[in-house]
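The exercises below ask you to read a model step by step, with the sequence and the coordinates side by side. Try each task before turning to its solution.

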Amino acid sequence: MQSAECKVKSVRVKDLRVFHFVLCTLQSALFILALPGIKTANAEDAPPKLVGSASCAAAACHGGLAGHKFVGSEFPIWAARDPHSRAYSVLRNDLSRQMAELLKLPKPAHESAVCLNCHSPATSTDSKLSSVSGLVPLAGVDCEQCHGPAERWRTEHVRTDWKPRTADDKRRRGYRDLKDVLTRANVCADCHVGGPGRDVNHDLIAAGHPRLFFELSTFHANWPKHWPAEADAKRHPVAESATGSVFEAKSWAVGQVVTAQRSLELLSQRAELAKREPAKWPELAEWNCFACHHDLQSASWWQSKDAAKRPRVSFGWNAWPYAMLDPLARQFVGSGIEIPQAELARLRAQFVTPILPADMVSRDANVAAQRLRAAAERFNHADAAKHVLSPKSLAALRLAFVTDEGPSLVNRDWDSATQLFLSLSALQHSIIASSDTVSERDRQITLVLDSMNETLNFQPGLRSPRDFAAQPIDRLQADLQRLQKLLDGSPKN
Ligand code: HEC
Ligand code: HEC
Ligand code: HEC
Ligand code: HEC
C-alpha cells in the first residue's frame, strides 16, 4: 500500500468524508415535559489503574519531536492535531459554561464528573478510574483512555519480551489490543455512544451539547492519526490479493453493529436507572428528535407539501444507531450473521407511543445487544475477508443498498439517509481499496456520493437539518437513480 495510487485513494477518503456532524439545536415546536434532573455517574470499577499519561510523553518514549514520522512522536501528534487533546479545554469554553449553567451543575464543567468522565477521565474526581497517586495525568482524552490503564503494563511494554506476548496476556494486564477492529470500536463507543457514568442525554443536548452521531469508519477517516494508516490496511488484506485491504469495510460493518449494541446497552441502563429514579424516564434522547421538534416554517424533510413523499414522523425510535440493521439483516440472510430482528421490531413498536414500559424495554434491549455482540464478532473474524466482506460480497451489498434499500432509507429521515450515504461511502472506498486501479465508473460513483454528501451536510453556520432550503429527498432519490444507472452494468452475482 505504498504506491502513488494509494496516495490518490487516501485523498479520496478525505473527499468522501467532508461530512460534518453537527449540533442538533432544533427549534422546539412542542413543549411537553419539564427538564428532568441530571444523571449521576456510576462508573464501573476497573481493576488496573491509570498511571497518568504524562509519563508516555518523555522524549525517549513517545514524545520525540523529530526523526520518524510516527514512531516515537505519538505524543506531539496527539497534542498538536488530535481533537482528543483539546477535549478538556473545551470544557472551559462559552458553550460549556452555558451548559453548566442550564444544567445547574454545582461546579463548573471542567470540574464536573458528568463532563470529565468523557472529556478528561483521568482528571475526573468522581471517576472510579482515578489516577494512581504521584503521577501526573494529561488533561483531555489521553493515551491510557484508549490504550488501557497502564499500571500493569507501563514498565513491561518497553522490554524486549513484550512484543512476543499473546494478546490475551496483554489484555489481562489492562493493555488493549487496538489493532483489533472490534476492540477499537468498543473503545470509541465508550465515549462516542456512552455507557455507565457517561451519558449525553436529552438534558445535556437541550443545554447545548452536540447530539452524538457515531459512525466508526467516518470518525476513523476524519481522525488525525499517530500511526501509519497503511498499517491498518496491511493488517486487513483482501483474501487472495497482494495489495487490497478490507479494513474500511470491516470498520464500517463492525462499527455499525457495535454502535447499535452499545446504544441498546445504554438504553437498558437508562431504563434500569428509571426504576430507582422514575423522573428520569422516559429518556427523550431515545426518541426520534423530530417527533417533538419540528420547524413549521421551512420546507424540509418532514414537511413536504406532497403527503406521499412526506416521511412519517410520529413518535418513533432514535433512528441513527439502528438504521442499517434491517438492511444488514436482509442482505446477510443465510450467511451466519444474525441480527435480532424480532427484538428490534418489538422495541421499535414500543416507541410509537409516548409511554415506554421500562421493564420490557430494558429486557428486550439487553437480549438484542447480546445477540448483536455475536454479529460484531462475525464481521470482525479474520475469515470475514473471504466471505461476508469479500470483494464480491461488498459489490453485491453496494448494489442492494442503492437499488433495494436506498429509496426507503432516504425517504425515512435525515438519520437514515445519512447512514445510507456513510455506508455507501465506506463500501465504495473499500471496493476501490481492494482493486489496483480506479475505474471510470468508480470515479463517477464517487462524484454522485459527493453530491449526496452536499445535500446531507448542513450549510455553514447552520446546525440542524431544519435549515435545509430545498427539498432534500428528491435530490437524494435522483442521486440514487444515477448510482443505479452506473451500477447496472455490474455483475449481480
Ligand atoms: C458520553 C460522553 C460525553 C459526555 C458525558 C459529555 N461529552 Fe461533551 N462531547 C463528547 C463527544 C464525543 C463530543 C464530540 C462530538 C462529535 O463531534 O461527535 C463532545 C463535544 C462537546 C463539545 C463541543 C466541542 C467542540 O469542539 O465543539 C462541548 C462544548 C462539550 N462536549 C461539552 C461537554 C460538557 C460541558 C459536558 C458535561 C455537561 C459534556 N460535554 C459531557 C462526549 C461527551
Ligand atoms: C482516541 C484513542 C487513542 C488515543 C487518545 C491515543 N491512541 Fe495511540 N493508538 C490508537 C489506535 C487506534 C492505534 C492503532 C492501533 C495500534 O497500532 O495499536 C494507536 C497506535 C499507537 C501506537 C503504535 C502502536 C503499534 O504497536 O504500532 C503508539 C506507540 C501509540 N498509539 C501511542 C499513543 C500515545 C503515547 C498516546 C498519548 C499521547 C496515544 N497513543 C493516544 C488510539 C489512541
Ligand atoms: C474517553 C473518551 C473518548 C474516547 C475513548 C474516544 N473519544 Fe473521540 N472524542 C471524545 C471527545 C470528548 C471529543 C470531543 C473533543 C473536542 O471536540 O474537543 C472527541 C472527538 C473525536 C473526533 C472529532 C469529532 C469532530 O466532530 O470533529 C473524532 C474524529 C473522534 N473523537 C474519534 C474517535 C475514535 C475513532 C475513537 C476510538 C478509537 C475515539 N474517538 C475514542 C472522547 C473520546
Ligand atoms: C418527547 C419529545 C422530545 C423528544 C423526542 C426530543 N425532545 Fe428536545 N425538547 C423537548 C422539550 C419539551 C424541550 C424543552 C424542555 C427542555 O429543555 O428539556 C426540548 C428542548 C430541546 C433543546 C433545547 C432548545 C430548544 O429548542 O428548546 C434541544 C437542542 C433539543 N431539545 C434537542 C433534541 C434532540 C437533538 C433530540 C433527539 C435526540 C430531542 N430533542 C428529542 C422535547 C423533546
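Helices (H or I, at least four residues) and strands (E, at least two) are DSSP runs, numbered from the N terminus. This is a predicted model, in which local features need pLDDT of at least 70 and side-chain atom pairs count only at pLDDT 80 or more, while totals for chains, interfaces and linings use all residues. Residues are numbered from 1 along each chain as its sequence is written, and chains are lettered from A and ligands numbered from 1 in the order in which they are written.

**Exercise 1. Describe the make-up of the protein as a whole.**

Solution. Begin with the secondary structure, where the protein has 19 helices and zero strands. Next consider burial, for which a residue is buried if 20 or more other C-beta atoms lie within 10 Å of its own, exposed if 12 or fewer, and partly exposed in between, with C-beta atoms placed from the backbone. By this rule 44% of the 493 residues count as buried. Finally, take two residues to be in contact if their C-beta atoms, placed from the backbone, lie within 7 Å; of the contacts with a separation of 6 or more, 73% are between residues 24 or more positions apart.

**Exercise 2. Find the backbone feature that follows helix α3, and establish which face of that helix is buried.**

Solution. Locate K104 first, in the loop between α3 and α4. Its phi is positive, about 55°, although K104 is not a glycine. This deserves a note because most residues other than glycine have a negative phi. K104 is exposed, because it has 10 other C-beta atoms within 10 Å. Now step back into helix α3 (residues 94-102), where S96, M99 and A100 are buried. Seen down the axis of α3, these buried residues fall within an arc of 95°, so they line one face of the helix; the arc is that of the directions from the helix axis to the C-beta atoms. The buried residues of α3 pack against α8 (202-206).

**Exercise 3. Compile the residue shells around ligand 2 and ligand 3.**

Solution. A residue is near a molecule if its C-beta atom, placed from the backbone, lies within 6 Å of it. For ligand 2, there are 18 residues around it, of which H62, E74, W78, C143 and C146 come nearest. Helices α2 (74-81) and α5 (143-147) each supply at least two residues of this shell, and α5 gives the most, with four.

To sort the residues by class, count Ala, Val, Leu, Ile, Met, Phe, Trp, Tyr, Cys and Pro as nonpolar, Asp, Glu, Lys and Arg as charged, and the others, Gly among them, as polar. The shell around ligand 2 then divides into eight nonpolar, six polar and four charged residues.

Repeat the steps for ligand 3, which has 22 residues around it, with P83, A87, C188, C191 and W223 nearest. Each of α4 (113-119), α5, α7 (181-192) and α9 (216-222) supplies at least two residues of that shell, and α7 gives the most, with six. By class, the shell around ligand 3 has 13 nonpolar, six polar and three charged residues.

As a last step, place the shells on the domains, whose bounds come from an automatic or database domain assignment. The shell around ligand 2 draws at least three residues from each of domain 1 (1-18 + 179-493) and domain 2 (48-173), and the shell around ligand 3 likewise draws at least three from each of these two domains.

**Exercise 4. Identify the largest nonpolar core and follow one of its central residues.**

Solution. A nonpolar core is a set of buried Ala, Val, Leu, Ile, Met, Phe, Trp, Tyr and Cys residues joined through C-beta atoms within 7 Å. The largest has 100 residues, and V254, V257 and F379 have the most contacts inside it. Helix α11 (residues 247-276) gives the most to this core, with 12 residues. Once residues up to four places away in sequence are set aside, F379 touches K250, A253, V254, V257, I337, A384 and V388.

**Exercise 5. Examine two loop positions, S335 and P282.**

Solution. S335 sits in the loop between α13 (325-331) and α14 (341-350), and S335 is exposed, because 11 other C-beta atoms lie within 10 Å. Leaving aside neighbours within four places in sequence, S335 is in contact with H387 and V388. S335 and H387 are 52 residues apart in sequence, yet their C-alpha atoms are 8.4 Å apart in space. P282 lies in the loop between α11 and α12 (289-292), and the peptide bond from W281 to P282 is cis, with omega near -5°.
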